[in-house]
Amino acid sequence: MNLPGAPFLHRRGSDLWLEDTAVADLAAAYGTPLYAYSRGAMRAALEPYRMALAARPHLVCYAMKANSNLAVLQTFAALGCGFDIVSAGELRRVLAIGGDPARVVFSGVGKTRDEMRFALASGVRCFNVESESELHQLSDVARAERRRAPVSLRVNPDVDPKTHPYISTGLRGNKFGVAHDRAAALYRLAAELPGLEIAGIACHIGSQITDTAPYLEALDRLLDLVEAIDRDGLRLHHIDLGGGLGIRYRDETVPATADWLGAMLARIDTRGHGEREILVEPGRSLVGNAGILVTRALVLKPGAEHDFCIVDAAMNDLMRPALYDAWMGITPVAQRSDPPQLWDVVGPICESGDWLGRARELALREGDLLAVTSAGAYAMAMASNYNSRPRAAEVMVDGSAVHLVRERETVQSLYAGERTIG
Ligand SMILES: *Cc1c(COP(=O)(O)O)cnc(C)c1O
């Protein structure tokens, strides 16, 4: 089976390579645990979005919460992307790379007034508003600044994307978006509020969705609204389709981005909205399979029920297994010809939830390097310092060039802001 991330992640003989760089060399130079990204894989993942949208007004806003490393942002900005942000901190990152705030959409169910003010002053493209109260608050903030805030309502279409409940966001019971049957009234309200200016409409039904059907269902409901709002005499300039498809972690069959987006755009055209600007906010699909987490086996510990391989990466480095019960690929950096055995690959943290993979068939010895695959999205971005573990270094591979894009944290930096008493 191909490695997720192929052809950028591949084997040469028994050795794992990322583009034209041996993964073992990365570990030797930068230590472990180490996040390594393929710049080529990121560019390649963006390509089908660019192709599908090329013929119409559009903006691809990379959802940077998936991986907000400055070099990742820089890579996408250089290809014309804007950004989907969910905090003022993320906007600071856009500004730090010289990104264009006019290509930024500000999502999120709870923005502070300070965040609103900062985003407004920076000149973001659009606020994706998720409640009636937020409309009022944003209007107040904008009026006090003598500005008008461009807004879209994020509509909750009440469709079931059949993904993990934690990343399913378009069901009526979720905290996200405004209810479909309230949306038209809220647009009329937005049109009357003095600090607001209607820009578009948005929808995001969840993440790691591997089927086109719920997207099309949500889109139809969104277009029903677009037409109802038109009839009210209000103009929506853009339609924001939300996040991208899921990715293949294991054996998922995921539609090609080109096919999925092609079907969405065809539906938009069929319903007569082909002239409107299209925004998309992909995160995972742009970076997920571009990254690996390299870790070293510290201890092999045969047990009563499970044999444990304890590695130097842990749930603080990669939370997806602990948080979502997520399956991530684990592969040796150098394959051995020893007979494989079943291992529970776990971290050193004092929690039984600290695991990376269970019952994995691997031929291993202590000291061996392993790579956790599909670790480019919602991985380093969710890392913490639990157990006073400094966060990993990150490198960006571009062919045979390797760029250190984040230094490994020092332990001292972890408590630099703390004070003892007296
Ligand atoms: C997280 C998020 C995205 C990105 O979702 P992916 O599944 O990573 O593509 C897009 N839009 C919003 C509003 C989000 O919260």
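Which domains give residues to the lining of the largest pocket, and where does this pocket lie? In this predicted model, domain 1 (9-38 + 288-414) and domain 2 (107-282) both contribute to the lining, so the largest pocket lies between them. Its volume is about 650 Å³. A total of 32 residues line the largest pocket. Nearest its centre are Lys65, Tyr166, Thr169, Phe176 and His204. The lining is mixed in class: 13 residues are polar, 12 are nonpolar and seven are charged.

The second largest pocket encloses about 490 Å³. Domain 1 (9-38 + 288-414) and domain 2 (107-282) both give residues to its lining, so the second largest pocket also lies between them. Here 25 residues form the lining. Those nearest the centre are Gly5, Ala45, Ile247, Ser285 and Asn289. Two helices, α2 (39-53) and α10 (284-287), each provide at least two lining residues. The largest share, four residues, is that of α2. By class, the lining of the second largest pocket has 17 nonpolar residues, seven polar residues and one charged residue.

Enclosed space was examined next. Across the whole structure, two cavities of 30 Å³ or more are found. The largest cavity holds about 60 Å³. Its lining consists of Cys203, His204, Ile205, Tyr215, Ala218, Leu219, Leu222, Leu241 and Met264. Helix α8 (residues 213-231) gives the most to this lining, with four residues. Eight of the lining residues are nonpolar, one is polar and none is charged. His204 lines the largest cavity and is also among the residues nearest the centre of the largest pocket.

The second largest cavity has a volume of about 40 Å³. Ser107, Asn128, Glu130, Arg154, Ala202, Cys203, His204 and Glu281 form its lining. By class, these are two nonpolar, three polar and three charged residues. Cys203 and His204 appear in this lining and in that of the largest cavity.

Ser107, one of the residues lining the second largest cavity, sits in the loop between β7 (104-106) and α5 (113-122). Its relative accessibility is 7%, so Ser107 counts as buried, the cut-off being under 20%. The side chain of Ser107 makes a polar contact of 2.6 Å with the side chain of Asp84. Beyond its neighbours within four places in sequence, Ser107 is in contact with Asp84, Ile85, Val86, Asn128 and Glu281. Of these partners, Asn128 and Glu281 also line the second largest cavity.

Asn156 belongs to strand β9 (residues 149-156). A relative accessible area of 6% makes Asn156 buried. A polar atom of its side chain lies 3.0 Å from the backbone nitrogen of Asp158. Apart from residues up to four places away in sequence, Asn156 touches Thr169, Gly170, Leu171, Arg172, Asn174, Phe176, Gly177, Val178, Ala179 and His180. Thr169 and Phe176, both touched by Asn156, are among the residues nearest the centre of the largest pocket. Asp220 is 64 residues from Asn156 in sequence, and their C-alpha atoms are 12 Å apart in space.

Methods: Residues numbered from 1 in each chain as written. Predicted model: local features only at pLDDT ≥ 70, side-chain atom pairs only at ≥ 80, totals over all residues. Heavy atoms only, no water. 1 Å grid on protein atoms, 1.4 Å probe; cavity = no way out; pocket = protein on both sides within 12 Å on 5 of 7 lines; lining within 4 Å. Points joined across faces, edges and corners; volume = space filled by probe spheres on them. Nonpolar A, V, L, I, M, F, W, Y, C, P; charged D, E, K, R; others polar. Domains from an automatic or database assignment. Buried < 20%, exposed > 50% of the residue type's maximum accessible area, 1.4 Å probe, protein only. Polar contact = N/O pair within 3.5 Å; in protein donor to acceptor, adjacent residues only side chain to side chain. Contact = heavy atoms within 4.5 Å.
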